[in-house]
Amino acid sequence: DGPLAVAAIDLGATSGRVMLGVVDHGRIELVPAHRFENHLVERDGHLCWDLDALWAQIRRGLAEARDLALVRGLPGLASIGVDSWAVDYALVGPDALDAGGAAVPGSGERQGEVIAYRDSRTDGVAGELARRVPRAEQFARTGIAQQPFNTLYQLAAEHRLAALPAGSTLLMLPDMIGYLLTGRRRTERTNASTTGMLAADGSGWDPALREAVGVDPALLAPLIAPGEQLGTVRPALGAELGIGEVPVIAVGSHDTASAVLAVPAEGPGPVAYISSGTWSLIGLEVEAPVLTEEAREAGLTNEHGVDGTVRLLKNVAGMWLVSESIRQWEEEGAQVDLAELLAAAAAVPGDRFRFDPTAPAFLAPGTMADRVTAAARPLTEEHHAPSTPAELVRCILESLAETYRDELRAACALAGVPQPTRLHVVGGGSRNALLNQLTADALGIDVVAGPMEATALGNVALQSRALGAFTGGRAEIRALVRASSELEKFRPSPRQDAPWEGARTPGDAVAGRS
Ligand code: LFR
């Protein structure tokens, strides 16, 4: 019953990390073993992810995690879990055969690049597919919001399927890492739901949608549930990294599933959260999908979570708007420090400009500051457009906060639950104190910020439960997270009107306070 050391591989759109998680006496200590940058690369005319570079960084991170465990007197890694952003996939050919004719696990060759979800190949594709399977039917079958980048639409735009060698498999990104680690081909269920091709009850792939995009059933690997063991690290790889044949455990491999598992909520009532990173995922944890036409029209999605939960949420462009604006300013020669920029944004006057951060126009990378400036509507007669980086960031954060209010209100109405008394913000974006305060003010409820590394904590917690470190469900996992993190509370500033009651009805465009 001594301390347990596991490795969490957590890949984000702008950075990845391998964390050592030490679980001991009802607490998790996260020790960063290796952090690395990640970014989009252009290849063959597409925006892609550099999988080979990520895999090299992951291998280095695992070796370093093991070293960190040994330094602490622990016997090494007890298991590994992998999560990343959703919807993207690799195509892998069949395993090679050895001299005796036996398949060599993990030797299948990647068939082309891993094309990123922000690539323009899906432009217009969802509309075309809707002519074959109407949007209402797609939603009723899967419960997934029809975002242009869903795997389903990527597959409808995929030109490589016909040329794949027999025995090829589509593996979601974390499943691909799991395959490289173990040689086993499986599709983890939480991430499978983001494809837009999994039946809403999670029972299996939806045959009508699979056929509509020309995907042969043999291309899809069998499902695996979070908490199940995928396999063990291939002997040669385990020896190379000095980690041995460690079990690899399927976690909530969709980063948002792991992050929401680690929301430090307590007490009765539905859990309301924002998983705040590149995206802001705002919504509720519910027990069953909300498949009504109203939910579809509101743009809400029903993603599968750990332990049979469902996340009724909305994708809102989050820190991406800020990080891409900064990238533009830096390309133009400016030197930008995020902390200074946020301090300046807190100091400039508010309530001057608004725009709709849910608009698909902000999906693609490039010239983000210009695009947001062009979309910003003045709320007063004297000001025409944000004219400094601080003003633009203020406009982004205020627009986000008001969108959070409207989207959470819509989710509660559609799920038939009362307004929550607090909203949890987890992930890297939870460190943005100005945004947290604006959010508390817009909603008129307490905002509880942290933990920042919720995704890695959810990943580690599920591994340790699978290894038998504790028993129990979400309540136990959340108690473990609370015992392991420092949280900060933001209370709404006193103001005359009651913002929750005064909020717009779902479906209204985001608009400024009048
Ligand atoms: C967040 C996230 C979102 C998903 C988006 C694209 O990192 O996983 O949940 O909608 O990335 O995959």
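Visitor: Which residues surround the ligand?
Guide: This is a predicted model, in which local features need pLDDT of at least 70 and side-chain atom pairs count only at pLDDT 80 or more, while totals for chains, interfaces and linings use all residues. Residues are numbered from 1 along each chain as its sequence is written. Taking as near any residue whose C-beta atom, placed from the backbone, lies within 6 Å of the molecule, the ligand is surrounded by Trp-85, Ala-86, Val-87, Tyr-117, His-254, Asp-255, Thr-256, Gly-277, Thr-278, Trp-279, Leu-281 and Asn-315.

Visitor: Which elements give two or more residues to the shell around the ligand?
Guide: Elements here are DSSP runs numbered from the N terminus, helices being H or I of at least four residues and strands E of at least two. On that basis, the elements giving two or more residues to this shell are helix 9 (255-261) and strand 15 (279-286).

Visitor: In what order do the strands of the open sheet lie?
Guide: Two strands count as paired if DSSP finds at least two bridges between them, and the pairing in this sheet of 7 strands is mixed. Strand 16 (301-304) and strand 22 (488-490) each have a single partner strand, so they stand at the edges with one side lacking a neighbour in the sheet. The order is 16-17-15-14-20-21-22.

Visitor: Which residue in strand 20 stands opposite Ile-274?
Guide: Strand 14 (residues 272-276) and strand 20 (residues 422-426) pair in the parallel sense over 3 bridges. Opposite Ile-274, in strand 20, stands Val-425.
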